[in-house]
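Could you walk with me through this structure, one selection at a time? Keep the viewer open, and let us begin.

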Amino acid sequence: MPHSYGLRAGTRYAFSRNFKEHGMIRMSTYLKTFRIGDIVDVKVNGAVQKGMPHKVYHGKTGVVYNVTKSSVGVLLYKRVDNRYIEKRINVRIEHVQHSRSREEFINRVKENAIKKREAKEKGVHVHLKRQPVGPREGHLVTSAGNVPETVVPIPYDTHI
């Protein structure tokens with residue numbers, strides 16, 4: 001059987017709308033503010049064919065380098081053989097969303113600033129470095145007062 005290798009080949013599920021997200025695009029999509037330097041995820045919205053990025057960029061994360069009235073320019077890296085090439089694509093705002101990749105880092109910076117301020121007021125030195133989770137504390141398991149329980153399947157019963 002012949003196989004099509006067209007522009008949108010293999011996008012049956014990637015470009016389809018999610019469950020309960022069919023129909024009109026919500027207003028919040030258009031009310032989001034994008035600024036140069038923002039980190040965004042390219043996520044194609046199949047309901048809007050204009051300004052749609054190529055399927056290879058779906059799911060990629062990049063940085064906004066240009067903003068126009070209805071679209072943004074996104075700088076991202078595309079893997080070609082053994083290297084990454086910098087690509088600049090212009091995409092309508094329906095196909096991008098703010099990335100949550102730096103959210104945890106930004107929250108941690110804010111929390112650390114509060115901890116530093118409180119420590120300075122008290123005159124105490126505070127450690128802000130994250131520590132890996134260490135091994136659990138050792139403990140002894142005894143059978144005294146802890147009778148083993150036998151688990152068996154419930155016999156099949158045809159009566160209702």
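Start by selecting Ser99 together with Ile39, Val40, Asp41 and Thr61: beyond its neighbours within four places in sequence, Ser99 is in contact with these four residues. Keep in mind as you look that this is a predicted model. Ser99 belongs to the loop that runs between S5 and helix H2 (103-122). Is Ser99 buried or exposed? Its relative accessibility is 18%, so Ser99 counts as buried.

**The sheet around that first stop**

Two of those contact partners, Asp41 and Thr61, also face one another, with Thr61 sitting in S2 opposite Asp41. Colour strand S1 (residues 39-42) and strand S2 (residues 61-67) next; they pair in the antiparallel sense over 3 bridges. As background, the strands of a sheet pair through backbone hydrogen bonds, and the pairing can be parallel or antiparallel.

Now show the strands together. In what order do the 5 strands of the open sheet lie? Read across, the order is S4-S3-S2-S1-S5, and the pairing is antiparallel. At the edges you will find strand S4 (83-92) and strand S5 (96-98), each of which pairs on one side only. Going from one strand to the next, the twist averages 45°.

**The S3-S4 hairpin**

Select strand S3 (residues 71-80) along with S4. How many bridges join S3 and S4? The pair is antiparallel, with 10 bridges. S3 and S4 form a hairpin that leaves 2 residues between them, and Asp81 in the turn has a positive phi of about 55°. Along this hairpin, pick Tyr77 and look across to S4, where Glu86 stands opposite.

**From Glu86 to Arg88 and on to Tyr65**

Stay on Glu86 and add Arg88: their side chains meet in a salt bridge, at 3.8 Å from N to O. In general, side chains of opposite charge can pair when their charged atoms come close. Glu86 has a relative accessible area of 42% and is therefore partly exposed. Arg88 is partly exposed as well, because its relative accessible area is 47%.

Arg88 has another partner to show you. Add Tyr65 to the selection: Arg88 lies over the face of Tyr65, at 4.6 Å from the ring centre. If you feel like hunting for aromatic pairs while you have a ring on screen, a search of the whole structure finds 0 of them.

**Arg92, Glu94 and Thr29**

Move to Arg92 and Glu94, whose side chains meet in a salt bridge of 3.4 Å, N to O. Which category does each of the two fall into? Arg92 counts as partly exposed because its relative accessibility is 25%, whereas Glu94 is buried, with a relative accessible area of 8%.

From Glu94, step across to Thr29, which lies in helix H1 (residues 28-31). Setting aside its neighbours within four places in sequence, Thr29 is in contact with Ile93 and Glu94. The relative accessibility of Thr29 is 15%, so this residue counts as buried.

**Last stop: helix H2**

Finally, select Glu104 and Arg108. They form a salt bridge in which the closest N and O atoms are 3.0 Å apart. Why are the two separated by about one helical turn? Because Arg108 and Glu104 are 4 residues apart in helix H2. To put the charged stops in context, the structure holds 4 salt bridges, among them the ones you have just visited.

Definitions and conventions
Residues numbered from 1 in each chain as written. Predicted model: local features only at pLDDT ≥ 70, side-chain atom pairs only at ≥ 80, totals over all residues. Heavy atoms only, no water. Phe/Tyr/Trp six-rings, centres within 6.5 Å; stacked < 30°, edge-to-face > 60°. Lys NZ or Arg CZ within 6 Å of the ring centre and 35° of its normal. Pairing = 2+ DSSP bridges. Axes fitted to C-alpha atoms, helices over the stretch in contact; angles between N-to-C directions. Buried < 20%, exposed > 50% of the residue type's maximum accessible area, 1.4 Å probe, protein only. Contact = heavy atoms within 4.5 Å.
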